[in-house]
Structure formats: structure tokens, C-alpha cells
Amino acid sequence: MGLVAKSSLQQGQRSFNRLRLGLPASLILTHERSACTLENISSTGACIRVESPIAKGSTAVLCFHLLRLYAVVMWSRGELCGLRFESPVEREDMQGFLWIVQNREEYDRICREDLLEAASTGFGR
């Protein structure tokens with residue numbers, strides 16, 4: 001499974017493959033920070049699931065672990081919305097997402113251990 005651009009485009013098609021994730025993340029808007037689910041991602045955008053609709057054209061920062069991706073909301077339909085990133089996601093970060101897809105059980109285990117360690121040292125508060 002590689003991270004390459006599609007060779008031909010037609011109107012309305014994406015230019016880069018998307019990785020399906022379904023991972024917790026957060027979204028910072030000008031007036032709030034809220035939890036979201038990162039449904040899928042490409043190097044140029046993402047689809048997220050949110051609790052409350054977000055207006056098309058809103059600016060946002062998608063936060064996933066230490067990664068901060070500046071974006072514009074391109075569409076919003078109920079609890080799903082599409083983001084277009086201000087600049088492409090670095091190749092190394094996309095490879096990290098690909099690793100998560102290919103090693104989901106290991107990723108989940110690492111996250112559980114990190115939460116336990118944070119809680120035991122008091123940093124999880």
C-alpha cells in the first residue's frame with residue numbers, strides 16, 4: 001500500500017489516496033476546541049466526524065497527537081465535514097498514519113499504555 005497520487009483526475013475526484021482511520025482527534029475553531037473523529041485523511045485534506053455542524057469556510061486546526069494541521073472547512077453535512085489543509089501533510093506524517101492503519105492493534109496498545117503512564121504520574125489531568 002503506497003502513498004502516491006492518482007494518475008488521472010476527473011472533475012470531483014480526489015488527487016490523493018485517503019487512509020481510513022476512525023481515530024480520536026480534536027479540532028480547534030476560533031471560539032472553541034472540541035473532540036472529533038478523524039475518519040480519513042490524505043496529504044491534502046481529511047473527513048472528520050463532529051458533534052455539532054461546522055460552517056463551510058470556517059478555519060480550523062486539526063490536532064492529532066503532536067501534529068497540528070491548519071485547514072479550511074470545505075463542506076459540512078450533519079456530523080461529517082471535509083477539511084482542506086493549508087499545506088500538504090509531510091510524507092513522514094502520512095507514513096505514520098499508514099503505520100497506524102497497518103498496525104492498529106499495536107497502536108491501540110501504545111495509546112493505552114501512554115494513558116496509564118500519564119494517569120500514574122499525574123500528567124493525565
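**Helix H1 and the six-stranded barrel**

On one side of helix H1, Arg91 and Glu92 are exposed, whereas the buried residues of this helix, in the predicted model described here, are Met94, Phe97, Leu98 and Ile100. These four buried residues cover an arc of only 155° around the axis, which puts them on the same side of H1. Arg91 and Glu92 lie on the other side. The partners against which the buried residues of H1 pack are strands E1, E2, E4 and E5, together with helix H2, formed by residues 104-121.

The length of H1 was compared with the expected span. With 12 residues at 1.5 Å a residue, the helix should span 16 Å, and because its end C-alpha atoms are 16 Å apart, the two values agree.

The strands of the model form a closed barrel. Its 6 strands follow the order E1-E2-E3-E6-E5-E4, and their pairing is antiparallel. On average, and with direction ignored, neighbouring strands of this sheet are turned by 45° against each other. Helix H1, which comprises residues 91-102, packs on the sheet and touches E1 (19-28), E2 (33-41), E4 (59-64) and E5. The direction of H1 makes about 120° with that of E1.

In general, the strands of a sheet pair through backbone hydrogen bonds, in either a parallel or an antiparallel arrangement. Several pairs of the barrel can be described individually. E1 and E2 run antiparallel and are joined by 8 bridges. A hairpin of 4 residues leads from E1 to E2. Within this pair, leucine 23 stands opposite leucine 38 of E2.

Strand E2 also pairs with E3, which consists of residues 45-49; this pairing is antiparallel and extends over 4 bridges. Here too the connection is a hairpin, with 3 residues between E2 and E3. Asparagine 40 stands opposite cysteine 47, a residue of E3.

Further along the barrel order, E5 and E6 form another antiparallel pair. Strand E5 covers residues 67-77 and strand E6 residues 80-85, with 6 bridges joining them. Tryptophan 75 has glycine 82 in E6 as its bridge partner.

Taken together, these descriptions place H1 on the sheet of the barrel, in contact with E1, E2, E4 and E5. The side of the helix bearing Met94, Phe97, Leu98 and Ile100 packs against those strands and against H2, while Arg91 and Glu92 remain exposed on the other side.

How values were computed
Residues are numbered from 1 along each chain as its sequence is written. This is a predicted model: local features need pLDDT of at least 70, side-chain atom pairs count only at pLDDT 80 or more; totals for chains, interfaces and linings use all residues. Side-chain values use heavy atoms; hydrogens and water are left out. Two strands pair if DSSP finds at least two bridges between them. Helices (H or I, at least four residues) and strands (E, at least two) are DSSP runs, numbered from the N terminus. Axes are lines fitted to C-alpha atoms, for helices over the stretch in contact, and angles run from 0 to 180 degrees between N-to-C directions. Contact means heavy atoms within 4.5 Å. The expected span of a helix is 1.5 Å times one less than its number of residues. Buried means under 20% relative accessible area, exposed over 50%, partly exposed in between (1.4 Å probe, protein chains only). The arc is that of the directions from the helix axis to the C-beta atoms.
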